[in-house]
There are 2 protein chains.
Amino acid sequence: MVFKKRTRVDLAKKILLEHISPIERRERVPIKDANNRVLAEEIVSAIDVPDHRRAAMDGYAVRAEETTGASPSNPMLLRDGIDCVRVHTGSPVPDEMDAVVMIEDTIPAESGGMVEIRSAVHPNKHVSMVGEDVYHGDAVFECGHHLRGCDIAMLGMIGISNVQVYVRPRVAIIPTGSELVPMQSEPEIETGKIRETNGLMVGLYVKKWGGIPVYKDIVIDDPDLIEKEIRASADCDAIILCGGTSVGARDYVPGAIESLGSLLVHGVGLSPGKPAALGMIDTIGKTGDETGALPVLSLPGYPVACLIALLEFGRAAILKLARMPLMPDRLMRVRLGAKIASKIGYLTYTRVHVTGGVAHPVMTSGAGILSSVTGSNGFVVIREELEGLDEGDEVDVIWIE
Amino acid sequence: MVFKKRTRVDLAKKILLEHISPIERRERVPIKDANNRVLAEEIVSAIDVPDHRRAAMDGYAVRAEETTGASPSNPMLLRDGIDCVRVHTGSPVPDEMDAVVMIEDTIPAESGGMVEIRSAVHPNKHVSMVGEDVYHGDAVFECGHHLRGCDIAMLGMIGISNVQVYVRPRVAIIPTGSELVPMQSEPEIETGKIRETNGLMVGLYVKKWGGIPVYKDIVIDDPDLIEKEIRASADCDAIILCGGTSVGARDYVPGAIESLGSLLVHGVGLSPGKPAALGMIDTIGKTGDETGALPVLSLPGYPVACLIALLEFGRAAILKLARMPLMPDRLMRVRLGAKIASKIGYLTYTRVHVTGGVAHPVMTSGAGILSSVTGSNGFVVIREELEGLDEGDEVDVIWIE
């Protein structure tokens, strides 16, 4: 496997992302289905929240001026229901009242119908004001805001029951390789054949990042059939191929991308994942978006290399298409239980198992050994400039999701 | 709001979790639907992966002994198709061959049908062995393993098409409060009323953590009706109530829990979120699980307090029930753009907006101001022992999902 050149991961990603235009198509959904979606409209509140003054404490609503000088040694007597009104946290403060005395500063007087007020309050004390949370006319969310559970509650609170969001990008997933048989093939498969599982793996991550996987059939190692399937998938918003991306005699995918558009990158400083290729193809007859090109990612067929290249390039591409934020990783800050090696010039994903605050490297290498990932709970990512890490080094381990 | 005692968050959580038994009910699902589920069976591979020796490089499969002494200056000539066979990365190595010479170390000889071998190889060089990834009989996943995308690919690879997983816990969500109206109420609501949105918010997070939300109707502040609804929800695996949890005259939920089982904690050192209560109720006529009690969480009605108490107690409870791992948080390590205050004795959630590597505190307080969360992208969590943090302090900001 000799690549003419090897592009650094950050540069390769930058080149790819510069070519990707975020999705423009929109749809309207009920807010209960809008969690984890991206707003395609600005949301302005038509109402005040709260729309009335609320008691911030349990106690008695009063006219503040009538409590002047009140103290435990000098309580004021107010008529219950006339000069003061019992209120609970969150309940409306009557229009004629302007403050709340906390319940612990009051005593129902022995003479019926009266309340002893044992603390003086200023106007607005313990009163939540109208619009304290949201004023009518406030722009509550910008267009492009990624909606979380708390945001959905806010939408409900201001009386909005459905919102316009960007559609989720459709991502065609094309497994290639003459050695592949469909995953469902049971119970025995011909020796020399391999069950195709990269497609489903890629699809599950695509879904997780906000895309809609569109699963395509296996394509054998034939340049014409690969080109044909890529063209047939141009109604999607992105295409991910698995396999056939290296520089061997049967690696036809990068060539197919080149002939249908442009190959931006082939060969990256990523380990595992070196043979990945990134490109754009021209789209003919594709409707709905302004762009005339769509991204095509050619990932290695070996499952670990496929996964790592997907995490680096697939995630970035789909998040940009979907207008989703790049969330920070789930991190465990621990010490390395043993030395790990890496090659200078490669961003290296080492699989580790973190237990008891120590990251133990999983001592299998090889881009084809999927059990090295399934037996791990984290990645230690080693920068290009480094030649491995030492036992005892403090590392940020990325939780494998 | 005066609590007789205030339990530390870590202790309160420990008490709650000690009372919770993980779910025992199981179901069988196709592997494509098993992502993010928890295995309820051990998975043992019935096959070897790979089930044949594979070429690890493009080149020629050879008998290693026939390459002894080969070099660029002393090439060996082998008969193509007889003494050596062209192989591609991943393709089977013929039975009679035991090594692969890389393509760059070979030249098709000028005399037809012959190949120049310019490098000596040892037996097994560039050959992936049978079972290199998984041996038949290997326990690939333990019972209780949380399935990720890469794990699903592994299941497919070893020929498994469906798996037994634990069912997702059903979580009843009961909003309480006489001031509440259903969220769908449009377009105008009576002054003094509030749209109920905590229920949906809680439900969206419950779903995210692996539970199934079971939405119940609003219950007014009436102790009998609250008890009745809790009893009616005892067919679920957990119950979360929102509102009515403080110590005011209309806070009936903790009392209802007490009368139906036991109130473990009422009042916690959490800000916002102090009034939260945690308990267990006895279940009568509930089937399927060994435990005779189910957890009941009483969360504050103010939306920010509700959310924070949910993140602290709801998440832990649901993950334990569902047997899901407690994943590390998504973290941003940044500097604090301004001083923030906190009260000693309270685990304090401060809302911040992180931009350009700096966390800017959102300068609104109050457990009722939901816009303080929706306008933020992170929480700075301040430990009980501290009295705030200073401008410039390095902090781990938790990304709000």
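## Strand 24 and its partners

L336(A) has A359(A) as its bridge partner in strand 24 of chain A. The model is predicted. L336(A) belongs to strand 22, residues 331-336 of chain A, and strand 22 pairs with strand 24 in the parallel sense over 2 bridges. On strand 23 of chain A, V354(A) stands opposite A359(A) of strand 24. Strand 23 covers residues 347-355. Strands 23 and 24 of chain A run antiparallel, joined by 4 bridges. The two form a hairpin, with 2 residues between them. G356(A) sits in the turn and has a positive phi of about 60°.

Which residues of strand 24 point to the buried face? They are A359(A) and P361(A). V358(A) and H360(A) point to the other face and are not buried. In a regular strand the side chains alternate between the two faces of the sheet. Strand 24 (residues 358-361) of chain A shows this alternation.

## Chain A overall

Chain A has 7 helices and 26 strands. Its C-alpha trace spans about 100 × 55 × 45 Å along the principal axes. The radius of gyration of chain A is 31 Å, whereas a compact globule of 401 residues would have one near 21 Å.

Of the 401 residues of chain A, 54% count as buried. Among contacts in chain A with a separation of 6 or more, 74% come from residues 24 or more positions apart.

## The contact with chain B

How many residues does each chain give to the contact? Chain A gives 65 residues and chain B gives 64 residues. On the side of chain A that touches chain B, the elements giving two or more residues are helix 2 (149-157), helix 3 (198-208), helix 6 (303-322), strand 22 and helix 7 (371-374). Helix 2 of chain A supplies the largest share, 8 residues. By class, this side of chain A has 28 nonpolar, 22 polar and 15 charged residues.

Strand 22 thus appears twice in this report. It pairs with strand 24 of chain A, and it gives two or more residues to the side that touches chain B.

## Symmetry of the two copies

Two copies of a chain are related by a rotation about an axis and a shift along it. Here a turn of 180° and a shift of 0.0 Å along the axis lay chain A on chain B, with an RMSD of 0.1 Å. That is the relation of a two-fold axis. The same surface serves both copies: 98% of the contact residues of chain A recur in chain B.

Which residue of chain A comes closest to the rotation axis? It is R330(A), with its C-alpha at 2.0 Å.

Conventions: Residues are numbered from 1 along each chain as its sequence is written. Chains are lettered from A and ligands numbered from 1 in the order in which they are written. This is a predicted model: local features need pLDDT of at least 70, side-chain atom pairs count only at pLDDT 80 or more; totals for chains, interfaces and linings use all residues. A residue is buried if 20 or more other C-beta atoms lie within 10 Å of its own, exposed if 12 or fewer, and partly exposed in between; C-beta atoms are placed from the backbone. Two strands pair if DSSP finds at least two bridges between them. Two residues are in contact if their C-beta atoms, placed from the backbone, lie within 7 Å. Ala, Val, Leu, Ile, Met, Phe, Trp, Tyr, Cys and Pro count as nonpolar, Asp, Glu, Lys and Arg as charged, and the others, Gly among them, as polar. Copies are superposed by least squares on the C-alpha atoms of residues with pLDDT of at least 70 in both. The radius of gyration is taken over C-alpha atoms; the globule rule is 2.2 Å times the number of residues to the power 0.38.
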